[in-house]
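Trainee: Could you take me through one part of this model closely, starting from a turn and following its surroundings outward? I'd like the cut-offs behind each term as you go.

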Amino acid sequence: MTRPAVRGAVIDAQTRCAHYRGPLDVIAIRFACCGEWYPCLRCHEEAADHGILAWPIDRRDERAVLCGVCGSTLTIEAYLTAASCPRCAAPFNPGCALHHPVYFEM
Ligand SMILES: [Zn+2]
Ligand SMILES: [Zn+2]
Ligand SMILES: [Zn+2]
């Protein structure tokens, strides 16, 4: 599987960015509005010329989350029910849940 290109203020190969650079900040999101991958909503805000559209609730089968550690992509459904990457076991930041309603219709 080809690892998607991640835009925005990416600072390392595990998709940490200028805004979220902690040990657990290893995912990137494919945004429903433009189909582009960014590490976080602020990266999207700075680089994109439009507002964020959340993924509709009936599209939870879209592979819209990238694990920056192993490069695998997760469906929205899988991501929302996982505390860590199903493939490489990298733990995800539970604090991201604060932003889930921005990325995904809940
Ligand atoms: Zn967008
Ligand atoms: Zn960012
Ligand atoms: Zn992984």
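Mentor: Happy to! Let's begin at the hairpin of β3 and β4, where 5 residues lie between the strands and Gly71 has a positive phi near 85°. Strands are DSSP runs of E with at least two residues, helices are runs of H or I with at least four, and both are numbered from the N terminus. Before going further, keep in mind that this is a predicted model, in which local features need pLDDT of at least 70, side-chain atom pairs count only at pLDDT 80 or more, and totals for chains, interfaces and linings use all residues. Residues are numbered from 1 along each chain as its sequence is written, while chains are lettered from A and ligands numbered from 1 in the order in which they are written.

The two arms of that hairpin pair in the antiparallel sense over 3 bridges; two strands count as paired if DSSP finds at least two bridges between them. Across this pairing, Arg63 stands opposite Thr75 in β4. On its other side, β3 (residues 63-67) is joined to β1 by 3 bridges, again antiparallel, with Val65 of β3 opposite Ile29. Because 4 of its 5 residues are buried, β3 is largely enclosed by the rest of the structure. Here "buried" means 20 or more other C-beta atoms within 10 Å of the residue's own, "exposed" means 12 or fewer, and "partly exposed" lies in between, with C-beta atoms placed from the backbone.

Moving one strand over, β1 (residues 27-30) is linked to β2 by 2 bridges, and these two strands run antiparallel. Ile29 has Tyr38 as its bridge partner in β2. In a regular strand the side chains alternate between the two faces of the sheet. In β1, Ile27 and Ile29 point one way, Ala28 and Arg30 point the other way, and all are buried. The hairpin of β1 and β2 has 6 residues between the strands, and in it Gly35 takes a positive phi near 75°.

Putting the strands together gives an open sheet of 4 strands in the order β2-β1-β3-β4, with antiparallel pairing. β2 (37-38) and β4 (73-75) each have a single partner strand and stand at the edges, so one side of each has no neighbour in the sheet.

Now for what packs around the middle. Leaving out residues up to four places away in sequence, Ile29 touches Trp37, Tyr38, Ala64, Val65 and Tyr103; a contact requires C-beta atoms, placed from the backbone, within 7 Å. The largest nonpolar core has 23 residues, and Ile27, Ala28, Ile29, Tyr38, Val65 and Leu66 touch the most other members. Such a core is a set of buried Ala, Val, Leu, Ile, Met, Phe, Trp, Tyr and Cys residues joined through C-beta atoms within 7 Å. At least two residues of this core come from each of β1, β2, β3 and α2, and β3 supplies the largest share, 4 residues.

Two backbone angles outside the strands are worth a look. Most residues other than glycine have a negative phi, and most peptide bonds are trans. Thr15, in the segment before β1, has a positive phi near 65°, and counts as buried because it has 27 C-beta neighbours inside 10 Å. Ala89, in the loop between α2 (76-80) and α3 (100-103), has a positive phi near 70°, but is exposed, with 11 other C-beta atoms within 10 Å.

Finally, the wider setting: the protein follows the pattern β-β-α-β-β-α-α along the sequence. Its radius of gyration is 12 Å, close to the 13 Å from the globule rule for 106 residues, so it is as compact as a globular protein of that length. That radius is taken over C-alpha atoms, and the rule is 2.2 Å times the number of residues to the power 0.38. Buried residues make up 31% of the 106.

Conventions
Contact = placed C-beta atoms within 7 Å.
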